[in-house]
Structures are given as structure tokens and as C-alpha cells.
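Please open your viewer, show the cartoon and keep the sequence panel beside it. This tour takes one selection at a time and says what is there once you have made it.

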Amino acid sequence: MNERPVPVADDDSRPYWEAAREHRLELPQCGGCGSLLFPPRPRCPVCLSTDLTWAEVSGRGRVHSFTIIYVPVVRGLEPPYAVAQVELDEQPGLRLVANSVNCDPDAVSVEMPVQVTFEDLDDEYSLPQFAPLGFLPARAGRTMPEVSHDGR
Ligand SMILES: [Zn+2]
């Protein structure tokens, strides 16, 4: 059992977490204007439509901004580590905040190409995180991606 805190799904975010559990990144997509939304919510912020369906996205994007955490702020998460705001390739302005993994925190940079990877927190939740593009996630059975501090 991982000692880190786990998410709490609500009615809006439950499909997001169910897809993440299967290591897929899915976001609500508006049937009115086609916008992808994050975070999940019951109404499109662009056109106010409630006609939303869930769409799988590539999980590829670029670091829009980031910060490096040097002090312990989350139980079970050892600093230093980078927290990045990632803009997905599918849509300008579509940004997720996640840990940056499999990369030395000091090597993270704005515009760095990244791809989603999933950390299994427990039997119910897997956390979407981002690794440098080209990182190959381990196959099923792994418990969590390693955070490298050796600059690779
Ligand atoms: Zn819309």
C-alpha cells in the first residue's frame, strides 16, 4: 500500500479516474463546440453546453510551466521533484497539473515534450503524471514509475 494520499472522485471526475485506472487519459469533450475540458466539470466553459462525452487523448504535450518542490509537502512524496503544468497537444490552453517523473527535476524545462504515464496509487486509483517524450513505461505489474535523480 502506497502511503501517499489518493484522489477522491466525484460525479464529474469519476470517468477520468476510471480511465486512468486503465492507464488511459480521457477528458470531457463538448458536443456543442468540440472543446476538451480540464478539470472535468458538468458544463462547457466555452459555450456553456452540458452535452459532454468522454474522449481519449494522446497524453502528449509540452511543459507550459513548472516548479521544483524542495521541501516535504505531500506525505510519501520525497523531494526534490518537479510539478509541471502540461499543455496537451490536442488543444491550445488545455493544461493539466501533474508531477514530472523519470526526469531529473533540474532537467525539466518549458516546452519540453512529455507524455503521460500512470502511477498506481492503490487498487482503485492511478495518477496521471508526465515523463519526457520517449520514456517507455514499464508493462503491467509495476507499482509506480521511478523518479530518476541521475540526470537521465
Ligand atoms: Zn462547448
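The stops below go from a core to strands, a helix and a few backbone details, and you should keep in mind throughout that this is a predicted model.

**Stop 1: the core**

Begin by selecting Ala84, Val86 and Phe130, which are the residues with the most contacts inside the largest nonpolar core, a set of 23 residues. Strands S1 (26–30), S4 (81–88), S5 (95–100), S6 (113–120) and S7 (126–132) are the elements that give two or more residues to this core, and the largest share, 6 residues, comes from S4. Colour domain 1 (10–57) and domain 2 (58–133) separately, and you can follow how both give residues to this core, so that it lies between them. A general tendency fits this picture: in soluble globular proteins, nonpolar side chains tend to be buried together.

Now keep only Ala84 selected and add the residues it touches, leaving aside those up to four places away in sequence: they are Val63, Phe66, Ala98, Ser100, Val108 and Phe130. Apart from the largest core lies another one, of 7 residues, and among them are Tyr16, Ala20, Tyr125 and Leu127.

**Stop 2: strand S4 and its partners**

Select S4 next; 6 of its 8 residues are buried, so this strand is largely enclosed by the rest of the structure. Which strands pair with S4? One is S3 (residues 60–69), which pairs with S4 in the antiparallel sense over 8 bridges, and here Ile68 stands opposite Ala82. Another is S5, which also pairs with S4 in the antiparallel sense, over 6 bridges, with Val86 standing opposite Leu96. S4 and S5 form a hairpin with 6 residues between them, and in the turn you can pick out Gly93, whose phi is positive, at about 85 degrees.

**Stop 3: strand S1**

Move to S1, where 5 of the 5 residues are buried, so this strand too is largely enclosed by the rest of the structure. Show its side chains and you will find that both faces are covered, with Glu26, Pro28 and Cys30 buried on one side and Leu27 and Gln29 buried on the other. S1 pairs with strand S2 (residues 52–56) in the antiparallel sense over 5 bridges, and the bridge partner of Cys30 in S2 is Leu52.

**Stop 4: helix H1**

Select helix H1 (residues 14–21) and highlight its buried residues, Tyr16, Trp17 and Ala20. If you turn the view to look down the axis of H1, these buried residues fall within an arc of 90 degrees, so they line one face of the helix. What covers them includes S1, S6 and S7.

**Stop 5: backbone details**

As background for this last stop, most residues other than glycine have a negative phi, and most peptide bonds are trans. Just after H1, in the loop between H1 and S1, His23 has a positive phi, near 60 degrees, although it is not a glycine. His23 has 15 C-beta neighbours inside 10 Å, so it counts as partly exposed. In the loop between S5 and S6, Asn102 likewise has a positive phi, near 55 degrees.

Finally, which residues are joined by a cis peptide bond? Phe38 and Pro39 are one such pair, with omega about 0 degrees, and Pro39 is found in the loop between S1 and S2. Pro79 and Pro80 are also joined in this way, with omega about 0 degrees, and Pro80 lies in the loop between S3 and S4.

Methods:
Residues are numbered from 1 along each chain as its sequence is written. This is a predicted model: local features need pLDDT of at least 70, side-chain atom pairs count only at pLDDT 80 or more; totals for chains, interfaces and linings use all residues. A nonpolar core is a set of buried Ala, Val, Leu, Ile, Met, Phe, Trp, Tyr and Cys residues joined through C-beta atoms within 7 Å. A residue is buried if 20 or more other C-beta atoms lie within 10 Å of its own, exposed if 12 or fewer, and partly exposed in between; C-beta atoms are placed from the backbone. Helices (H or I, at least four residues) and strands (E, at least two) are DSSP runs, numbered from the N terminus. Domain bounds come from an automatic or database domain assignment. Two residues are in contact if their C-beta atoms, placed from the backbone, lie within 7 Å. Two strands pair if DSSP finds at least two bridges between them. The arc is that of the directions from the helix axis to the C-beta atoms.
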